[in-house]
Amino acid sequence: MRSHQVLSALGAAALLAVSSGASAQVTVYDGATNLVTIPSVSVGASTFTNVTLLNTGNFVFTLQGATLLPQA
């Protein structure tokens, strides 16, 4: 999978996690910076931590950063 596809999938999964309450984590939205911070997001077999999304308006978010956890 290309990196932009991974990032797109990650962003979609992050938004799904936020909207569905898929897990017991604290997701934070900072209205001053328009940033959403999600502690962890799973995409397929990969898990990303410290996921940050920027709200660009009209419920459109762009991925600002994430850390891929190494697989065991």
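In the predicted model, Val28 stands opposite Thr37 in β2. This pair belongs to the antiparallel pairing of β1 with β2, which extends over three bridges. The approach of the two chain segments is also apparent at Thr27, a residue of the loop between α1 (3-20) and β1 (28-30). Although Thr27 and Thr37 are separated by 10 residues in sequence, their C-alpha atoms lie 5.7 Å apart. Thr27 is classed as partly exposed because its relative accessibility is 32%, a value that falls between the limits of 20% and 50%.

The strands β1 and β2 form a hairpin with four residues between them. Asn34 is located in this loop between β1 and β2, and its phi is near 60°, a positive value in a residue other than glycine. Most residues other than glycine have a negative phi. With a relative accessible area of 30%, Asn34 is partly exposed.

The next pairing in the sheet joins β2 to β3, which run antiparallel and are linked by eight bridges. Within this pairing, Val41 stands opposite Phe48 in β3. The hairpin of β2 and β3 has two residues between the strands, and Gly44 in the turn adopts a positive phi of about 60°.

Val41 and Phe48 are both members of the largest nonpolar core, which comprises six residues and also includes Val36, Ile38, Val51 and Leu53. The elements contributing two or more residues to this core are β2 (35-43) and β3 (46-57). In soluble globular proteins, nonpolar side chains tend to be buried together.

Strand β3 also contains Thr52. This threonine is buried because its relative accessible area is 19%, the limit for burial being under 20%. Beyond its neighbours within four places in sequence, Thr52 is in contact with Leu35, Val36 and Thr37, as well as with Thr62, Leu63, Gln64 and Gly65. Of these partners, Val36 is also a member of the largest nonpolar core, and Thr37 is the residue that Val28 stands opposite.

On the other side of the strand order, β3 and β4 pair in the antiparallel sense through seven bridges. In this pairing, Thr49 stands opposite Thr67 in β4. The loop between β3 and β4 contains Phe59, which has a positive phi of about 60° although it is not a glycine. Phe59 is classed as exposed because its relative accessibility is 76%, the limit for this class being over 50%. Phe59 thus shares with Asn34 a positive phi in a residue other than glycine, whereas Asn34 is partly exposed and Phe59 is exposed.

Taken together, the four strands form an open sheet in the order β1-β2-β3-β4, with antiparallel pairing. Strands β1 and β4 (60-68) stand at the edges and have a single partner strand each, so one side of each is left without a neighbour in the sheet. From one strand to the next, the twist averages 30°.

Terms used. Residues are numbered from 1 along each chain as its sequence is written. This is a predicted model: local features need pLDDT of at least 70, side-chain atom pairs count only at pLDDT 80 or more; totals for chains, interfaces and linings use all residues. Side-chain values use heavy atoms; hydrogens and water are left out. A nonpolar core is a set of buried Ala, Val, Leu, Ile, Met, Phe, Trp, Tyr and Cys residues joined through side-chain atoms within 4.5 Å. Buried means under 20% relative accessible area, exposed over 50%, partly exposed in between (1.4 Å probe, protein chains only). Contact means heavy atoms within 4.5 Å. Two strands pair if DSSP finds at least two bridges between them. Axes are lines fitted to C-alpha atoms, for helices over the stretch in contact, and angles run from 0 to 180 degrees between N-to-C directions.
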